[in-house]
Each structure stands twice: as C-alpha cells, then as structure tokens.
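These are notes for a colleague reading through the side-chain packing and pairing in this model. Please keep the sequence and the structure open beside the numbered points.

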Amino acid sequence: MHKVESYVVGIDLGGTKIAAALFDSNGTLVNREQMETSGARTAEEVVERMIGMIRSVSEGRLLTGVGLASPGAVNSRDGIVINGTNLPEWDNVPLKQWMEAALKVEVQVVNDANAAAWGEYVRGAGKGSENMVYVTFSTGIGAGIVMDGKLILGTESFAGELGHNIIDPSGSLCSCGRYGCWEVFASGTAIRDTALKLMENRATLLSELANANGGKLTAQHVFEAMKLNDPVAIEVIDRAIQYMALGLANVVHTFNPDRIVIGGGVSKAGDLLFPALREKTEELVMTPYRGTYRIVSAGLKDNVGLIGAAALFHTFEAE
Ligand SMILES: [Zn+2]
C-alpha cells in the first residue's frame, strides 16, 4: 500500500551552535545543517536563523512537525523558553508561537536534557526500557525521566533537574545560587575544580597535561592521568564517583528505574568510570533495589538532542 512519507525536523539550539536535521518516519536522518549561534544577538534573530535552517533542510518537503530542544527552563505546554542558560537576553521567549506563525506547522519545545533523554529512550541506550532515567554529566548535571514509556515533564515542565538536588548543604556555591547541589560534587566541572585544588600543593601529572593544553585542565585530563596511575587523579575520580553514585542511588530510590543511561563528556571515560560507578551505586541503594536496574553508557552521540526533539512527533517505531 502506498504510504505518504512524513517528515519531521529536529532542532538542537545551543549556546554556541544551532543544529537542524530532517528525519523521515523511519528515523533516518535525511539532511543536517549546523550554524553558529553567536552573531545572532536577540531571540528574534536566533528564531529567524532557525526558520531559515528548517526551510533549508526540508527542501520543500511537507513537515508533520518541528521538535526543538532548548537550553534552560522551558515551558513545554506553551512552548516558551523562560530563561535560556547560555543564551543571554532570553527571557520568556514564545518560541512555539513565533515559529508556528512563520512555518504553519506544529512546533514542540522541550528542555535539552529532556530531549536527550527521549532520544536515548527511543533510539539509543534506553531502547526497550520501560522506566528510564537519563543523566548527563558534563559542565553541569542534566537529567530526563521516562516512566511507563512517557517523558515526564511535570506541572511547569521543569521536572528532572536532578543536578540541583542538594546533597550536602555545606557544599560549595552552585550556579543556581544555592549551596551543595549534586552538580557541584559530581559534574565534569566539579572533577576539574577538585583536581585544581589538589594540584596546588602536590606533584601530579595533571600539571603537565594542563600545560600541554595551554594551562587549561579538563575532566578528560583527570581520567587520562588516572589511567597512568597518578595518585592525585585517582583520588579526584574516586571522590567524584562516590558522589555520582550517591546521586544515582537517590535516583534509584525515587524512580525505581530499570535502566539509568549516562551521557555527557564524563561518560566517555568508559571503563575508568562504569565498573566503579555500578559497584558504588549498588553499595548505596537499599537492599530490595539491588540488581533491579542497569547503569549503561549513552548510545547516541552529538545528534542525541536532534533525534530526541524530532522523536516528539515520531517514535520511529518502524526501526
Ligand atoms: Zn544548583
């Protein structure tokens, strides 16, 4: 039987770049474009740029919808970006309304961590799961929750800000203005900052690695030095894994997931991270929860936000 192909565009709006891609109903990426966000100062200019990209990647094809992943706090019901982290001058931007008026097609807007969670659930490492929590450890900690096959957004669609769960009120100041959030202990930034502190008065390979990178240390360097048995790096990663596991144990108790998908730059550490993280989390969860969930590495790479945003319309079940 002849079936009319249905196309969806996914957009990943970031602080530094905008990516747009056209997907067919099998979830095959047909076309992709990327542009710098910088240069476009106002929200209107960014929206204009995105509309141009949507028209360009779709090459005249009729669209079923446009899914958009945006940083910051997003009201998905109305498609409003309340405030865009990394997008200065973004305040209550009615993205859905503006874009629907220009494109004459339905637009859905979600926070980028939720889009990534949905992407992993539909096409990545969460496939086949029923209750999945996605956690990304990078500059901060982002998360998205899928329960009974549904993306959980909450009343104002702010659900899933697990990185700002306070795990120790005596901890350091977080970007959110409060103290001791999970992300000040367990993000990539936390790994770097702890390493920088310990480097001040101890000999470590980290100094060489930072110098070779123009004096800039990253969490990646700390894993590299750990691989070479550097005691400072080992100490930093041990501490980070302890805190990552602590937060994941809270996730297990709160959501009782069958799978936890770990994304973000830190997840690239692979075997330097996962075996220890699984072991520590199992130690920290209450007995009945042991063995009820798996902790796995994310399956999708740079296109995860695009795929997740597009999958708000298609679940790509044909795949
Ligand atoms: Zn915070």
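1. Tryptophan 118 is a convenient place to begin, and in this predicted model its relative accessibility is 9%, so the residue counts as buried, the cut-off being under 20%. Tyrosine 121 is likewise buried, with a relative accessible area of 15%. Both residues belong to helix α3, which spans residues 112-123, and they are three residues apart there, about one turn of the helix.

2. The search for aromatic pairs returns three of them. One of these joins tryptophan 118 to tyrosine 121, and because the ring planes meet at 20°, with the centres 5.2 Å apart, the pair is classed as stacked.

3. Both phenylalanine 137 and tryptophan 182 are buried, and the two form an aromatic pair of the edge-to-face kind, with 5.5 Å from centre to centre and 85° between the planes. Phenylalanine 137 lies in strand β9 (residues 132-137) whereas tryptophan 182 lies in helix α4 (residues 182-186), so this pair ties together parts that are 45 residues apart in sequence.

4. Phenylalanine 137 also appears in the largest nonpolar core, which has 50 residues; together with Val135, Ile191, Leu206, Val222, Ile260 and Leu273, it is among the members that touch the most other members. The element that gives the most to this core is α8, with 13 residues.

5. Which residues does isoleucine 191 contact, leaving aside its neighbours within four places in sequence? The contacts of isoleucine 191 are Ala219, Val222, Phe223, Val236, Ile237, Ala240 and Val266. A second core, separate from the one above, has 29 residues, and Ile18, Ala43, Val47 and Met53 are included in it.

6. Turning to charged side chains, five salt bridges are found when the whole structure is searched. One of them pairs glutamate 235 with arginine 202, at 2.9 Å from N to O. Glutamate 235 lies in helix α8 (residues 231-255), and arginine 202 in the loop between α5 (188-199) and α6 (205-211), so the salt bridge ties together parts that are 33 residues apart in sequence. Neither partner is buried: glutamate 235 counts as partly exposed at 37% relative accessibility, and arginine 202 counts as partly exposed at 32%.

7. Two further salt bridges can be checked in the same way. Arginine 192 and aspartate 193 form one of them, with 3.0 Å between the closest N and O atoms; arginine 192 is partly exposed, with a relative accessible area of 31%, and aspartate 193 is partly exposed as well, at 33%. In the other, the side chains of arginine 77 and aspartate 78 meet at 3.6 Å, N to O.

8. Is arginine 77 buried or exposed? With a relative accessible area of 56%, arginine 77 is exposed, because the cut-off for that class is over 50%. Its partner aspartate 78, at 37% relative accessibility, counts as partly exposed.

9. A last point concerns a charge placed over an aromatic ring: the charged end of arginine 61 sits over the ring of tyrosine 7, at 5.1 Å from the ring centre.

Methods: Residues are numbered from 1 along each chain as its sequence is written. This is a predicted model: local features need pLDDT of at least 70, side-chain atom pairs count only at pLDDT 80 or more; totals for chains, interfaces and linings use all residues. Side-chain values use heavy atoms; hydrogens and water are left out. A salt bridge is a side-chain nitrogen of Lys or Arg within 4 Å of a carboxyl oxygen of Asp or Glu. Buried means under 20% relative accessible area, exposed over 50%, partly exposed in between (1.4 Å probe, protein chains only). Helices (H or I, at least four residues) and strands (E, at least two) are DSSP runs, numbered from the N terminus. A nonpolar core is a set of buried Ala, Val, Leu, Ile, Met, Phe, Trp, Tyr and Cys residues joined through side-chain atoms within 4.5 Å. Contact means heavy atoms within 4.5 Å. Rings of Phe, Tyr and Trp (its six-membered ring) pair if their centres lie within 6.5 Å; planes under 30 degrees apart count as stacked, over 60 as edge-to-face and the rest as tilted. A charge sits over a ring if NZ of Lys or CZ of Arg is within 6 Å of the ring centre and within 35 degrees of the ring normal.
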